[in-house]
Every structure is written in structure tokens, then in C-alpha cells.
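Hi,

Here is the structure I said I would pass on. Have a look at it first, and then read my notes underneath.

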Amino acid sequence: MKFAPEVMEAKADNLPIVALESTIITHGMPFPQNVETARLVEATVRENGAVPATMAVIDGTLHVGLTGAELDSLGQATGVAKLSRADFAACIATGGTGATTVAATMIAARLAGIEVFATGGIGGVHRGAESSFDISADLSELAQTAVTVVAAGAKAILDIPKTLEVLETSGVPVITFRQDEFPAFWSQSSGLPSPLRMDEPLEIAAAHRMRAAMGLPGGQLVANPIPAEAEISRETLAPVITAALAAAEDQNIAAKQVTPFLLDHIFHATDGASLTANIALVRNNAALAAQIAARLIETP
């Protein structure tokens, strides 16, 4: 494991740190927009009083934070693996290079002693999972790894009611920030009530600490609605998502290729509006995660 100088200094000085994933860099958008977006998200973390630690495996070493040169290199690399719990260790053991998903970033954060992680949206139960059994490892990771994950809910392409059911069965607290309804990634509204609501970062930090004090395993999901000015309504997205799912089925898209395929289809169908919204929500999540991380420092 290799710590970036900025992260190493933050740990030595007991400063708040926020983990960030790297699949948005390698699998989310083309160069140079991917690197520009990653830098924007890192800057947002800093602007809100914390230090960013973007996770990635490079040549068999887990990097906790990336230098500018490493970020540029990763943004232009080809053949980068998309890592989750199942293949994370294998990539390191064989000297590979891989970008971390939500599950892998949670593991990396735990190994590095970082308690808060900001992402876009978590994976979950895919539509049709009753026959495909396609359920993201993100959900089981939340049930066992003690990291607070800030996301704009679950990705709207998923079966959100089933995703919430699995989280509830797994004992994962689902806390929506400052609204009673669970958000749906690009949209503030999913039409579903949130299991929990908290209105202040300090409350979320206190809940994180209390779970540890009680010996409860796993983390907590903080659902942070996309800013109103950036959202795409669920009514607008519903037919677009239906068409994307039909296209994926027609082309026999499966496993790890499903989500990138659907997101690319939706990007083109919305003339790029979905990507603009995605960037806005990731930055919004990074800001809240930094505030929670700061409260955790104050709540030992």
C-alpha cells in the first residue's frame, strides 16, 4: 500500500480524509474529461475541509491517493481492470492495474484507516435479478465493512425497491440527508420513503461512532439527493431507462458490462444531460462526505 504525500500528511496531522473511487476515471468517461472531473471532485473535498484519497491499484500496489502524474497516467491507461471484492486481491497479487468500484474502495478505505467515502451512486439489485441473480457486491460490502458511504442513492437503472429490501435485510442503515424520500441518482425522488433521515453531518458522524461502540458490523449508506438545479426528473428518465434495458437484453449484455452499457445508452439518449447531472451529484456527495469526515474527527 502506498500513500500519496498529501494523504500521509493528513493522517499524521489527524485531518479529515475522504476516500474516492477510480472507476469513474477509467470506465466512466473519456480522457481528458475523466481526469478533469476527478480533479474537480478532489477540489470539492478540499474546499469542504478534508483531504481526498482516490483509490487505485497500479502495477500491483494499492495507491491511497494519487499524485497529479498518477491521475493523468491512469486516465489514459488502457486495459484497466474494474475491481470489486472478488478480484481485488488477485489484481494486487499478480501485479495488475485496476480501478476500484464502491465495494473495492470500501475495502481500500478500511485498510487505510479512512472512515468516509464519496461516490456517485451505489450498485444494487439489477432489474430481473429474480432470474439473473445479478446483485452488486456493493450491498454485501456495506453489510460488512465499517465505512460511511455518501451516494446519491442507488443508480436509477436498478430495481430500487429490491435494493432497499436487501439493505434492510443486511442491517445496513440507509440515511437520507435532509429529505424523507430516498433519492434515485439523477433524480431527487424515487417515490420510495427513506428508512432514516438525518439533517446534519454531525448526526451522521455520531451514528457511525455509535455503530462501532455497539460492535455492529458494516457501514452506513448516506443518500444525498442531487441538487435540484441539476436533476433530471424520474418521469423524463423512465422511458429512457426502459429503452436502455431493452437494448442491453437484445445485445446479451451481462455481468460487469451491464452498468457501463446502460449509462452510455442513457448518456446518448439524453444528449449528455445524464453525465452533466452525474458530475454535479458526485461533487455534491464529495462536499457532504468532507463535512461528515470533519465531524468524525471531532467525535472520537
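Below is what I found, going from one helix to a helix pair, then an aromatic pair, some backbone oddities and a few single residues.

Before anything else, bear in mind that this is a predicted model.

**Helix α9**

Let's start with α9, which covers residues 160–169. Which of its residues are buried? They are I160, T163, L164 and L167. Looking down the axis of α9, you'd see these buried residues within an arc of 95°, so they line one face of the helix. The spacing fits a general point: an α-helix has 3.6 residues a turn, so residues three or four places apart point the same way.

What do the buried residues of α9 pack against? Their partners are the helix α8 (137–144) and the elements β9 (174–177), β10 (181–184), β11 (187–193) and β13 (220–223). After α9 comes G171, and its phi is positive, near 75°.

**Helices α6 and α8**

You've just met α8 as a partner of α9, and α8 also has a contact with α6. As background, two packed helices are described by the angle between their axes and the distance between the axes. Here α6 is residues 102–112, and its axis and that of α8 come within 8 Å and cross at roughly 25°. An angle under 35 degrees counts as roughly parallel, and α6 and α8 are therefore roughly parallel to each other.

Which residues make the contact? On the α6 side there are V102, A103, M106 and I107, and they meet A137, D138, E141 and L142 of α8. Sorted by type, the residues of this contact are six nonpolar, no polar and two charged.

**F185 and W186**

Next, the aromatics. A pair of aromatic rings is described by the distance of the centres and the angle of the planes. How many aromatic pairs does the count give? The count comes to one aromatic pair. It is formed by F185 and W186, with 4.9 Å from centre to centre and 65° between the planes, which makes the pair edge-to-face. Both F185 and W186 are buried.

F185 is worth a second look. You'll find F185 in the loop between β10 and β11. Is F185 buried or exposed? Its relative accessibility is 2%, and buried means under 20%, so F185 counts as buried. F185 also has a positive phi of about 65°, although it is not a glycine.

**Backbone oddities**

That brings me to the backbone. Most residues other than glycine have a negative phi, and most peptide bonds are trans. Alongside F185, N14 is not a glycine but has a positive phi, in this case about 55°. N14 sits in the loop between α1 (5–12) and β2 (17–20).

There is also a cis peptide bond, running from F31 to P32, with omega near 5°. P32 belongs to the loop between α2 (23–26) and α3 (33–47).

**Three residues to click on**

L281 is in helix α13, which spans residues 273–298. With 0% relative accessibility, L281 counts as buried. Setting aside neighbours within four places in sequence, L281 is in contact with G120, A152, F185, W186 and I226, so you'll see both members of the aromatic pair there again. L281 and V172 are 109 residues apart in sequence, and their C-alpha atoms are 22 Å apart in space.

S187 is in strand β11 and is buried, with a relative accessible area of 3%. Not counting residues up to four places away in sequence, S187 touches I226, E231, I232, S233, R234 and L237. S187 and A228 are 41 residues apart in sequence and 8.4 Å apart in space, C-alpha to C-alpha.

Last is D72, in helix α4 (residues 68–76). D72 has 28% relative accessibility and counts as partly exposed. Leaving out neighbours within four places in sequence, D72 is in contact with F31, V35 and R39. F31 is the residue from which the cis peptide bond runs to P32. As for distance, D72 and A129 are 37 Å apart in space, C-alpha to C-alpha, and 57 residues apart in sequence.

Cheers

Technical notes:
Residues numbered from 1 in each chain as written. Predicted model: local features only at pLDDT ≥ 70, side-chain atom pairs only at ≥ 80, totals over all residues. Heavy atoms only, no water. Buried < 20%, exposed > 50% of the residue type's maximum accessible area, 1.4 Å probe, protein only. Helix = DSSP H or I, 4+ residues; strand = E, 2+ residues; numbered from the N terminus. Arc of directions from axis to C-beta. Contact = heavy atoms within 4.5 Å. Phe/Tyr/Trp six-rings, centres within 6.5 Å; stacked < 30°, edge-to-face > 60°. Axes fitted to C-alpha atoms, helices over the stretch in contact; angles between N-to-C directions. Parallel < 35°, antiparallel > 145°, perpendicular 65-115°, else oblique. Nonpolar A, V, L, I, M, F, W, Y, C, P; charged D, E, K, R; others polar.
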